Amino acid sequence: MKKYLSVLLLTFLSFNTFAQITFEPGYIINNSGEKINCLIKNNGWKNNPTKFEYKIDSNAEVQEGGIYNIAEFSIENGKKYIRKDTKIDRSKSILKRLSKIKEAEFTQETLFLEQLAEGDANLFYYEDSNLIRFFYNLNNASTTQLIYKKYLTENNRIGENTEYKKQLWDDLKCGNLSLNDVKSTDYRKSELLSFFTLYNKCKNPNYVNSTTSQNNNKNVFNLGIRAGLNSASVDFKSPQSSTNFELENNSSIRFGVELEAVLPFNKNKWSLFIQPMYQSFDGKEQLEFQKVSVDYKSIETSIGVRHYFFLNSDSRIFINTAFQIDTALDSKIDFESSSDFEIKPRTSFNFGLGFARKNASIKLNYNPRRALLSNYAAISSDYKVLSIVLGYNFL
């Protein structure tokens, strides 16, 4: 088992050397209004950036772009950020820090805003930790925040300032867009984007939001099958030393499915997953006075987080860790001439390292310790398993 762990660690260190965030084709517009094609370091920003790195070509030196010298920048088939001088309300939304003032409390700032919709009406997005704000303008006039604010009333209740709905109704009237359309639009990216798309299509029936088509080209969910091979060991320790034993290097198959949700930030490099799999262990040992057998079958349900290191558009390395719930299926440790022990595992953690290319993947997974006898106080039995798992995603 230690030999396998050494291979796992060395493989990870080797892969991590090559797993870098790359410079990707894009453009910048400088303060003079000059558009320059270049290579931009794609950090997959979750929060709106204040600066970034770029190169004029692959052999050029890395330069820094920021609010002070760049008016606009975009990565090909990615997000577009535009510099705006605008007023922003940074009122807190956390209950303990709610303002007692209903009206927006503005400060003048210069920001890189992400453009969500481009047309007669433009929609912009700003995120900074738990602060989310939307902005808009018409026909590229001055940019204004869509106002939504939670506040504390005189009765210590939570109130909502939904002035953004009045802004939409006053400024974005067109065709069949009704007051009910405005009232039903929540202060969320998907709903505001849908509203602005309807308005722009009303103004131009041939309207296509190129910004949306660029940013929504990745699957949010991946569903696939998994199958692999276990190399496992079980030990047993009790006050009676004559019953202690250890069974090592037992091989068995495992199979199951996985559902993965890719998180929409940091260049789609983070995801959450749930993976139920069937696995088993079957071993026997001749002790000093009797025989013992272990019959252990279970459904492992791993719930975890995964991080990808992209090598190119098709290939990526990943690491993951997961909280594991194990449900034993009629499993026991059977002593020939003494009491049997029912296997009821405790929860545990596992760790994995893998490589994926397009829809196929291969992964090494390690569970360093799983306690099998949760119902017994003085007796313990630990399960350790190293697995190699093959996968294929249908979605």
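# A tour of charged and aromatic side-chain contacts

Start by selecting helix α2, residues 163-171: Asp170 and Lys166 both sit on this helix, four residues apart, or about one turn. Keep in mind as you go that this is a predicted model.

Now show the side chains of Asp170 and Lys166. They form a salt bridge, with 2.7 Å between the closest N and O atoms. Colour the two by accessibility and you will find Asp170 partly exposed, at 42% relative accessible area. Lys166 has a relative accessibility of 53%, so Lys166 counts as exposed, the cut-off being over 50%.

Stay on the helix for a moment and select Tyr148 and Tyr164, which make an edge-to-face aromatic pair with 6.2 Å from centre to centre and 75 degrees between the planes. Tyr164 belongs to helix α2, while Tyr148 is in the loop between β10 (144-146) and β11 (149-152), so this pair ties together parts 16 residues apart in sequence. Are these tyrosines buried or exposed? Tyr148 is buried, with a relative accessible area of 18%, and Tyr164 is buried too, at 2%.

For another ring pair, select Tyr296 and Tyr383. This pair is also edge-to-face, with the centres 5.0 Å apart and the planes at 90 degrees. Tyr296 lies in strand β16 and Tyr383 in strand β22 (residues 380-393), so the contact ties together parts that are 87 residues apart in sequence. Check accessibility here as well: Tyr296 is buried at 0%, and Tyr383 is likewise buried at 0%.

While strand β16 is in view, pick out Glu300 and Arg254. Their side chains meet in a salt bridge, 2.9 Å from N to O. Glu300 is in strand β16 (residues 291-310) and Arg254 is in strand β14 (residues 245-262), so the bridge ties together parts 46 residues apart in sequence. Both Glu300 and Arg254 are buried.

Next, select Arg226, Glu258, Glu260 and Arg306 together. Salt bridges with shared partners join these four residues into one network. Keep Arg306 on screen and add Phe273: the charged end of Arg306 sits over the Phe273 ring, 4.2 Å from the ring centre. You can find another contact of this kind by selecting Lys55 and Phe23, where the charged end of Lys55 sits over the ring of Phe23, 4.6 Å from its centre.

Now move to Arg90 and Asp128. Which contact do their side chains make? They meet in a salt bridge, with an N to O distance of 3.3 Å. The two residues are 38 apart, and the bridge links distant parts of the chain: Arg90 is in the loop between β6 (80-89) and β7 (106-117), whereas Asp128 is in strand β8 (residues 121-128). Arg90 is partly exposed, with a relative accessible area of 29%, and Asp128 is partly exposed as well, at 32%.

For the last stop, select Trp45, Phe52, Tyr54, Phe73, Tyr81 and Phe112. Ring pairs link these six residues into a cluster.

If you would like to keep exploring, how many contacts of each kind are there? The model has 17 salt bridges and 26 aromatic pairs.

Conventions:
Residues numbered from 1 in each chain as written. Predicted model: local features only at pLDDT ≥ 70, side-chain atom pairs only at ≥ 80, totals over all residues. Heavy atoms only, no water. Buried < 20%, exposed > 50% of the residue type's maximum accessible area, 1.4 Å probe, protein only. Phe/Tyr/Trp six-rings, centres within 6.5 Å; stacked < 30°, edge-to-face > 60°. Lys NZ or Arg CZ within 6 Å of the ring centre and 35° of its normal.
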